[in-house]
Amino acid sequence: MNVAEYLDPDGWLGHSAGPRYVQLRRRLERGIESGDLPPDSSLPPEREVADITGLSRVTVRKAIQELVKLGLVEQRQGSGTFVRAPVAKVEQSLSHLTSFTEDMRRRGLDTTSKWIERGVFMPSPEEVMALGLSAGDSVSRIYRLREAGGQPMALECASLPIDILPNPIEVTTSLYEVLERSGNRPVRAVQKISAINLEPTEADLLGVAEGTAGLRIQRTSYLDSGRVAELTRSIYRGDAYDFVAELRLSN
Ligand code: 16G
């Protein structure tokens, strides 16, 4: 079935409730999910979709804009709108304190990092509070774009007290491996996860459209002694992650 046939309004438009741009968006979403509109296929220009469906161009534009935000299609400068290839979803367990490298290795994916910042800095007030630093203390900070299987997955900024990570340059692949070697690997962590829409810079680094859904995660990790070892602020691609928690009845 070609796109024009797929969008023939007879079969769907006006049959369900809701605004017409939502009906069009749903029709396109269903086509992407079912494979009728396969990855990398192009959508016809707005004008053509309007002709096929009898909807106004404003309505068509609104539906497509929403699909861009959902990360289902992308607009390539000068060449049109294309269905995005889905990224492999990663499930991260919320009950095990694992590192990004370990999580990805378990799924057979190689990791790479692009460095945004790595060094020893004056701490921000947030870092002073979270890490329990004293006046005049410096902080080790590593800020990376984390990729797995060649795909950008998360932006991650980790801050650690300088005696826990004296030399941030030593971290080339896994932070937790470096901490493990010095006996400073965290044993417990508290995570706060919230839903966000990605800001332009974050979206650009993660290779998705501005406004796409993402997850903001703040992790505070502790050593066996109870001391805070790490504060990490991360932004994960919402389309790449599922966080899974196991729940038990308390008795
Ligand atoms: C995970 C942790 C992060 C930690 C990193 C170490 C979350 C939300 N964050 O991404 O706090 O710094 O692993 O990974 O899970 P690495 O050892 O591969 O550098």
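How much space lies in the largest cavity? About 230 Å³. Here are some notes to help you find your way around this structure, which is a predicted model.

1. **The cavity.** A search of the whole structure finds one cavity of 30 Å³ or more. Its lining is made of 21 residues, and those closest to the centre are F100, E156, Y176, R219 and Y236. If you would like to see which elements surround the space, look for those that give two or more residues to the lining: helix 5 (100-106), strand 6 (139-148), strand 7 (151-161), helix 7 (175-181), strand 9 and strand 10. The largest share, four residues, comes from strand 10. Sorted by class, the lining of the largest cavity holds seven nonpolar, eight polar and six charged residues.

2. **Strand 10 and its partners.** Strand 10 (residues 228-237) deserves a look of its own. Nine of its ten residues are buried, so you will find this strand mostly covered. On one hand, strand 10 is joined to strand 9 by nine bridges, and the two run antiparallel. On the other, six bridges join strand 10 to strand 7, again in an antiparallel arrangement. Some pairs to look for: E156 stands opposite S234, L215 has Y236 as its bridge partner, and Q218 is matched with R233. Two of these residues take you back to the cavity, as E156 and Y236 are among the residues closest to its centre.

3. **Strand 9 and strand 8.** Strand 9 covers residues 213-222, and seven of its ten residues are buried. Besides its bridges to strand 10, strand 9 has ten bridges to strand 8 (residues 188-197), with the two strands antiparallel. One pair to check here is I196, whose bridge partner in strand 9 is G214.

4. **The turn between strands 9 and 10.** How many residues lie between the strands in the hairpin of strand 9 and strand 10? There are five, and G226 in this hairpin takes a positive phi near 95 degrees.

5. **A small sheet elsewhere.** Strands 1, 2 and 3 form an open sheet in the order 1-3-2, with antiparallel pairing. Strand 1 (42-43) and strand 2 (73-76) stand at the edges; each has a single partner strand, so one side of each is left without a neighbour in the sheet. Four bridges connect strand 2 with strand 3 (residues 80-83), and V73 stands opposite V83.

6. **The largest pocket.** Apart from the cavity, there is a pocket to visit: the largest one has a volume of about 270 Å³. Its lining counts 15 residues, with G71, L72, R84, A85 and P86 nearest the centre. Helix 2 (residues 20-34) gives the largest share of this lining, three residues. By class, the pocket lining has eight nonpolar, one polar and six charged residues.

7. **Rings and charges.** Which residues have a charged arginine end over their rings? The charged end of R118 sits over the ring of W115, 3.9 Å from its centre. R188 lies over the face of Y222, at 4.3 Å from the ring centre. As for aromatic pairs, a search of the whole structure finds zero.

How values were computed:
Residues numbered from 1 in each chain as written. Predicted model: local features only at pLDDT ≥ 70, side-chain atom pairs only at ≥ 80, totals over all residues. Heavy atoms only, no water. Buried < 20%, exposed > 50% of the residue type's maximum accessible area, 1.4 Å probe, protein only. Pairing = 2+ DSSP bridges. 1 Å grid on protein atoms, 1.4 Å probe; cavity = no way out; pocket = protein on both sides within 12 Å on 5 of 7 lines; lining within 4 Å. Points joined across faces, edges and corners; volume = space filled by probe spheres on them. Nonpolar A, V, L, I, M, F, W, Y, C, P; charged D, E, K, R; others polar. Phe/Tyr/Trp six-rings, centres within 6.5 Å; stacked < 30°, edge-to-face > 60°. Lys NZ or Arg CZ within 6 Å of the ring centre and 35° of its normal.
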